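This report goes through one chain, starting from a loop residue and ending with the overall form. The sequence and structure come next.

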Amino acid sequence: MKLNKLEVDLGGGSLLQIANRSHVQMMSYLIETPNGETVMIDGGYACKEDAEYLYEILKKRGGDIELWIINHAHEDHFGALLWMLENMKDFNLNIKRLAFSFPPLEWFKTAEGGASYKWVERFLNQLKIHNINTELLVKDEIIELGNMSFEILNDCSNYLNYHTVNDTTIVVLAHFPKRDILFLGDLAESGGKDLLSSCDIKKLRCDIVQMAHHGQNGVNRDFYSVVKPKICLYT
């Protein structure tokens with residue numbers, strides 16, 4: 001599988017799930033809004049294969065990305081963009097809005113034994129080098145774009161209570177004209193429990209859900225019992 005389109009009537013727009021080109025699991029979604037704009041969620045692992053493949057796809061669409069969301073600070077999610085910035089001398093994607101919400105950089109020195117610290121530091125440095133403007137994803141924020149919207153359901157303010165980067169995942173609810181899609185990123189069990197306690201349960205109930213952490217070691221069964229999805233997306 002290279003590029004898989006979700007064959008469901010969304011009332012306009014489309015969702016493409018981009019498969020990994022290397023042997024590393026990753027997450028990469030391309031949304032075309034009903035008005036034709038491009039929205040990226042994550043992008044893939046920090047390797048040549050994933051990065052160049054994604055770059056080719058985006059350039060064929062004109063190279064303009066209206067909104068690029070990174071849901072948490074792991075290199076199999078923001079890594080493809082990082083690889084492009086570090087290695088492509090002719091990088092010329094027009095990223096109009098890049099949005100994420102990471103804990104403070106110092107926290108990554110202790111989380112997961114510090115494994116993500118250097119990755120996050122490199123990513124933040126490259127954004128400065130390339131003068132890419134970023135914005136903070138804020139809980140309850142609704143981003144209106146192209147006759148659809150993206151609702152931010154949580155934040156990572158509890159990061160001091162977490163030991164894993166996955167628990168700091170920002171959950172995004174994409175509102176297409178006819179259907180909603182819940183993007184869980186790599187949300188883990190503790191983060192999932194916090195989301196259930198802080199979010200309106202009605203917002204979590206939707207037909208389509210991206211399974212947390214590639215369908216393994218993510219949120220627990222109680223979480224999915226609330227969502228009650230009819231279609232599950234595995235990255």
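## Two loop residues with positive phi

Asp140 sits in the loop that links β9 (134–136) to β10 (142–145). The model is a predicted one. The phi angle of Asp140 is near 75°, a positive value in a residue that is not glycine. With a relative accessible area of 48%, Asp140 is partly exposed; the range for that class ends at 50%, over which a residue counts as exposed.

His213 also has a positive phi, near 50°, and is likewise a residue other than glycine. Its loop runs between β14 (208–210) and α6. His213 is buried, at a relative accessible area of 13%.

## Helix α2 and its surroundings

How many of the 9 residues of helix α2 are buried? In α2, which covers residues 79–87, 7 of the 9 are buried, so the helix is largely enclosed by the rest of the structure. The buried residues are Gly79, Ala80, Leu81, Leu82, Trp83, Met84 and Leu85.

These buried residues pack against helices α1 (48–60) and α3 (117–129), and also against strands β6 (67–69), β7 and β8 (98–100).

## Ile95 in strand β7

Strand β7, one of the elements packed against α2, spans residues 94–95 and includes Ile95. Ile95 is buried, with 13% relative accessibility. Leaving aside residues up to four places away in sequence, Ile95 touches Ile65, Trp68, Leu81 and Ile132. Of these, Leu81 is among the buried residues of α2.

Ile57 lies 38 residues from Ile95 along the chain, and the C-alpha atoms of the two are separated by 14 Å.

## Arg21

Arg21 belongs to the loop between β2 (14–18) and β3 (28–32). At 36% relative accessibility, Arg21 counts as partly exposed. Between the C-alpha atoms of Arg21 and Leu54 the separation is 9.6 Å, while along the chain the two residues are 33 apart.

## Helix α4

Which residues of α4 are buried? Within this helix, residues 189–198, they are Gly191, Gly192 and Leu195. Viewed down the axis of α4, the buried residues fall within an arc of 100°, so they line one face of the helix.

The cover over the buried residues of α4 includes two helices, α5 (201–204) and α6 (221–227). Helix α6 also bounds the loop that holds His213.

## The chain as a whole

The chain contains 6 helices and 15 strands. Its radius of gyration is 16 Å, close to the 18 Å given by the globule rule for 235 residues, so the chain is as compact as a globular protein of that length. The C-alpha trace spans about 45 × 45 × 30 Å along its principal axes. Of contacts between residues at least 6 apart in sequence, 64% join residues at least 24 apart.

Buried residues make up 55% of the 235 in the chain. The accessible surface is about 10500 Å², and 45% of that area belongs to carbon and sulfur atoms. Charged side chains number 24 positive and 32 negative, and the centres of the two sets lie 3 Å apart.

Technical notes. Residues numbered from 1 in each chain as written. Predicted model: local features only at pLDDT ≥ 70, side-chain atom pairs only at ≥ 80, totals over all residues. Heavy atoms only, no water. Helix = DSSP H or I, 4+ residues; strand = E, 2+ residues; numbered from the N terminus. Rg over C-alpha atoms; globule rule 2.2 N^0.38 Å. Buried < 20%, exposed > 50% of the residue type's maximum accessible area, 1.4 Å probe, protein only. Contact = heavy atoms within 4.5 Å. Areas by Shrake-Rupley, 256 points an atom, 1.4 Å probe, with all protein chains shown as cover. Lys, Arg positive; Asp, Glu negative; His and termini not counted. Charge placed at Lys NZ, Arg CZ, Asp CG, Glu CD. Arc of directions from axis to C-beta.
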